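Thank you for making time this morning. I would like to walk through one structure with you, and I will try to go slowly enough for anyone who has not met it before.

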2 protein chains.
Amino acid sequence: MAKKLTIHPALKQLLEKGDKQFQSGLSVDCVIFGFHENVLKILALDVKYINKWALPGGFIKINEPVEQAAARVLQERTGVNNIFLQQFEVFSNPTRSDASVHQSRYKEFGIKIPKDNWLMQRFITIGYFALIDFTEVKTTESKMDAEYCEWIDISKLDNMMMDHQAIVLKALETLRTQLAYTPIGKNLLPKKFTMPELQKLYETILDKKLDRRNFQRRMLGFGILNKLNETRKGGAHKAPFLYTFNDKKYQRALKEGLYGSW
Amino acid sequence: MAKKLTIHPALKQLLEKGDKQFQSGLSVDCVIFGFHENVLKILALDVKYINKWALPGGFIKINEPVEQAAARVLQERTGVNNIFLQQFEVFSNPTRSDASVHQSRYKEFGIKIPKDNWLMQRFITIGYFALIDFTEVKTTESKMDAEYCEWIDISKLDNMMMDHQAIVLKALETLRTQLAYTPIGKNLLPKKFTMPELQKLYETILDKKLDRRNFQRRMLGFGILNKLNETRKGGAHKAPFLYTFNDKKYQRALKEGLYGSW
DNA sequence: GCAAAAGTGTTAACTGTACACCCATGT
DNA sequence: ACATGGGTGTACAGTTAACACTTTTGC
């Protein structure tokens with residue numbers, strides 16, 4: 001027989017006072033992209049009681065801007081602050097909410113959520129995506145679920161709960177589209193990186209091979225890179241030069257785009 | 001002394017049962033673009049009791065997808081159905097809500113809204129924009145405010161209530177960005193239109209003069225136009241040819257974009 | 001016939017793409 | 001020394017931008 005655990009006060013409070021503390025029927029979900037060993041990954045929670053993956057998400061406090069709620073979720077799960085975070089879509093299919101998920105969570109503690117509890121209503125969620133440096137993340141335990149986030153391959157995201165897989169796919173699609181006119185990499189790569197590493201990132205996101213030489217010319221042409229006088233030694237073969245992003249120019253390109261279009 | 005009017009049942013019900021019918025603290029606001037006499041306009045409501053312009057907006061019914069709520073607002077205000085409608089941003093600044101607007105509306109009927117009424121809370125709004133054919137719109141009276149929408153110039157949108165001006169500006173910015181890789185015009189122009197008319201539309205949105213000949217070549221190159229064997233007569237000077245959009249190809253371009261990018 | 005607007009064509013500049021060649025490094 | 005990956009250069013093709021000329025129409 002399953003051992004009956006003691007419920008965490010925060011979880012209990014969520015049930016009892018959540019409707020007073022949070023914006024009703026609204027949540028944020030974060031698709032947090034990272035890049036490691038030439039694979040694009042996202043942070044996900046292993047939700048044990050339903051045996052599925054979930055996106056890290058949270059509720060919006062009364063009087064809290066949504067962006068701040070998303071940043072808070074990111075901070076809670078990764079310890080990372082001040083990161084690029086972008087809203088990309090609102091998901092509002094009335095059947096997307098699955099009250100049984102909440103029921104399963106509280107069932108562990110022998111609690112059955114009443115039908116009229118605020119958690120049982122239909123939820124609309126605002127999707128955010130973030131790009132973060134894999135090496136900087138210390139996934140931390142959350143009070144709510146006592147779970148750590150884990151990195152999972154973008155290619156292995158079946159078995160996600162509710163509509164979370166669709167949310168990730170939409171985030172990926174948005175990321176791909178933005179790649180054409182927005183700089184990418186600052187938050188996905190370590191401070192110093194090589195041109196081949198940057199190229200791999202692009203190739204991974206676009207799922208496409210790119211010409212080494214033309215890629216380099218184009219990137220340099222954007223004028224957002226600083227070439228350093230160091231090389232990445234240790235690897236076999238010729239040591240590639242290291243680069244950093246030119247912060248000012250990177251930020252400007254983020255706002256104004258890489259091209260002027262018309 | 002001001003004449004005391006009789007309140008419309010729908011308005012009364014909004015106050016009393018709104019929290020049962022609608023998603024709490026959430027709304028949609030629509031920036032409805034139209035194009036007439038070479039000027040880009042949006043539909044706005046003249047909110048008499050506060051003497052400001054407002055975007056047509058509404059609440060989201062329990063169990064209604066947000067897109068459907070936006071489409072409903074559009075239909076209620078313009079009589080137009082099945083139109084291009086796109087979510088572009090969520091506005092959630094905690095200070096954006098202005099309860100006094102609601103108070104003013106009900107004050108006309110001698111009603112003071114209690115502080116704990118659902119309308120008095122902070123609202124988060126989801127911004128949608130639509131592009132519609134100016135000539136097809138019959139602005140209709142709404143039950144809620146007994147007001148008609150009016151077309152106002154994009155250049156004259158000071159004096160909007162709350163953060164509605166910022167919402168319009170963001171919509172415009174989004175529209176401009178999308179212009180580069182998405183077809184535009186189908187819903188902003190009459191069925192049949194001339195190349196100079198289409199060009200004027202682009203010039204207006206981009207706020208920029210374009211070369212007549214290169215514009216024509218580019219547009220034709222997209223392959224989304226049908227050239228008709230008719231000309232727009234009556235105007236002074238040479239009669240320009242009429243075009244229609246090729247619906248199939250237009251729809252495909254909407255989904256896949258005008259370019260393949262990478 | 002003239003001014004203004006529209007249709008059609010041409011050329012030069014630029015950008016992107018496809019390659020070729022050389023260099024550095026570990027085995 | 002050679003295989004492999006990285007740095008640099010060039011030439012061709014395709015696209016875009018700039019501009020000239022002709023045609024139609026109302027006054």
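I will take the contact between the two chains, then the domains of chain A, and then the DNA.

Please keep in mind that this is a predicted model, in which local features need pLDDT of at least 70 and side-chain atom pairs count only at pLDDT 80 or more, while totals for chains, interfaces and linings use all residues. Residues are numbered from 1 along each chain as its sequence is written, chains are lettered from A and ligands numbered from 1 in the order in which they are written, and side-chain values use heavy atoms, with hydrogens and water left out.

Let me begin with the two chains. Chain A and chain B each bring 32 residues to their contact, where contact means heavy atoms within 4.5 Å. Together they bury about 2,500 Å², with 59% of it on carbon and sulfur atoms; buried area is the accessible area, taken with a 1.4 Å probe, that two parts lose on being put together, summed over both. What is the count of salt bridges between chain B and chain A? The count is zero, a salt bridge being a side-chain nitrogen of Lys or Arg within 4 Å of a carboxyl oxygen of Asp or Glu. There are, however, 14 residue pairs in polar contact across this interface, both residues at pLDDT 80 or more; a polar contact is a pair of N or O atoms within 3.5 Å, and within protein one must be able to donate a hydrogen and the other to accept it, with residues adjacent in sequence counting only if both atoms are side-chain atoms.

Turning to chain A, we find domain 1 (9-179) and domain 2 (193-256), with bounds from an automatic or database domain assignment. Their C-alpha centres lie 31 Å apart, and the area buried between them is about 780 Å², of which carbon and sulfur atoms give 78%. On the domain 1 side, Phe35(A), Arg176(A) and Leu179(A) supply 61% of the area buried against domain 2, more than any other three residues.

Finally, the DNA. Strand C is surrounded by 19 residues, and the closest are Arg213(A), Asn214(A), His237(A), Arg212(B) and Arg213(B); a residue is near the strand if one of its heavy atoms lies within 4 Å of it. A polar side-chain atom of Arg217(A) lies 3.2 Å from a base nitrogen of strand C, whereas a polar backbone atom of Phe241(B) is 3.2 Å from a phosphate oxygen of that strand.
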